[in-house]
Amino acid sequence: MLLMKLETREKFSFLQLAHYLARIDNDYGEKEQEVILEYCAEMGIENDENFDLADFDLHSILKDFRSLKSKKIVILELMILIHADDKFDFEEKSLILQINEVFNLSQKDLEFYSQWGKAAAALYTQGKLFIE
């Protein structure tokens with residue numbers, strides 16, 4: 001929904017960031033895969049399952065998001081991915097805090113974005129049940 005507002009380069013960087021986040025807790029499950037596929041469909045990008053953790057550089061990726069609007073979109077959308085499996089693990093929290101060190105959003109904003117992500121993930125699950 002919001003990802004279409006990112007610039008082309010930001011979309012590809014976001015996808016790398018999402019793959020990294022989904023794997024950070026060593027539990028890359030079906031729900032995370034599904035959310036990433038939805039991200040790809042929304043952005044018109046073919047899913048690149050060839051994500052290589054060894055080549056990933058968090059600080060380099062984060063430099064691609066320059067505007068405050070893009071930074072907020074990234075955090076909001078990552079919160080959906082975090083809450084897709086109904087867990088917010090220590091590793092995921094740690095990564096969000098690392099991202100926010102660069103993005104410099106308020107702690108209050110992060111809490112609101114987390115709540116929104118949790119609600120969005122729940123609504124997505126409900127919607128899937130309605131159509132099945």
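This is a short tour of a predicted model, moving from one helix to its neighbours and ending in a loop.

**Start with helix H1**

Select residues 8-23, which form helix H1, and look along its length: at 1.5 Å a residue its 16 residues should span 22 Å, and since the end C-alpha atoms are 23 Å apart, the expected and computed spans agree. Colour the buried positions next, which in H1 are Glu10, Lys11, Ser13, Phe14, Leu15, Leu17, Ala18, His19, Tyr20, Leu21 and Ala22. What do the buried residues of H1 pack against? Show H2, helix H3 (58-62), H4 and H5, for these are the elements they pack against.

**Add helix H2**

Now add residues 30-43, which make up helix H2, and compare its direction with that of H1. The axes of H1 and H2 come within 10 Å and cross at roughly 175°, which makes H1 roughly antiparallel to H2. To see the contact itself, display the side chains of Lys11, Phe14, Leu15, Ala18, His19 and Ala22 on the H1 side, together with Glu32, Ile36, Tyr39, Cys40 and Met43 on the H2 side. Sorted by character, the residues of this contact between H1 and H2 comprise eight nonpolar, one polar and two charged.

**Bring in helix H4**

Select residues 68-83 for helix H4, and view this helix first against H1. The two pack at an angle of about 35°, with the axes of H1 and H4 11 Å apart, and their crossing is right-handed. From H1 the contact draws on Glu10, Phe14, Leu17, Ala18, Leu21 and Ala22, while H4 supplies Ser70, Val74, Glu77, Leu78, Leu81 and Ile82. The contact of H1 with H4 divides into nine nonpolar residues, one polar and two charged.

Then turn to H2 and H4, which pack at an angle of about 150° with their axes 8 Å apart, and which are therefore roughly antiparallel to each other. H2 passes H4 in a right-handed crossing. Here the residues to show are Glu32, Val35, Ile36, Tyr39 and Glu42 of H2, with Glu77, Leu78, Ile80 and Leu81 of H4. In the contact of H2 with H4 there are six nonpolar residues, no polar ones and three charged.

**Zoom in on leucine 81**

Leucine 81 lies in helix H4, and is worth centring in the view. Is leucine 81 buried or exposed? Its relative accessibility is 2%, and so leucine 81 counts as buried. Leaving aside residues up to four places away in sequence, leucine 81 touches Ala18, Leu21, Ala22, Glu32, Val35, Ile36 and Tyr39. Draw a distance between C-alpha atoms as well: leucine 81 and lysine 31 are 50 residues apart along the chain, yet these atoms are separated by 8.4 Å.

**Move on to helix H6**

Select residues 107-131 to bring up helix H6, whose 25 residues should span 36 Å at 1.5 Å a residue, which agrees with the 36 Å between its end C-alpha atoms. Its buried residues are Leu110, Tyr113, Ser114, Gly117 and Ala121. Among the elements that cover these buried residues of H6 are helix H4 and helix H5 (90-103).

**Finish at asparagine 104**

For the last stop, pick asparagine 104 in the loop between H5 and H6. Asparagine 104 has a positive phi of about 60° although it is not a glycine, and with a relative accessible area of 65% this residue is exposed.

Conventions: Residues numbered from 1 in each chain as written. Predicted model: local features only at pLDDT ≥ 70, side-chain atom pairs only at ≥ 80, totals over all residues. Heavy atoms only, no water. Helix = DSSP H or I, 4+ residues; strand = E, 2+ residues; numbered from the N terminus. Expected span 1.5 Å × (residues − 1). Buried < 20%, exposed > 50% of the residue type's maximum accessible area, 1.4 Å probe, protein only. Contact = heavy atoms within 4.5 Å. Axes fitted to C-alpha atoms, helices over the stretch in contact; angles between N-to-C directions. Parallel < 35°, antiparallel > 145°, perpendicular 65-115°, else oblique. Left-handed = near helix turned anticlockwise from the far one by under 90°. Nonpolar A, V, L, I, M, F, W, Y, C, P; charged D, E, K, R; others polar.
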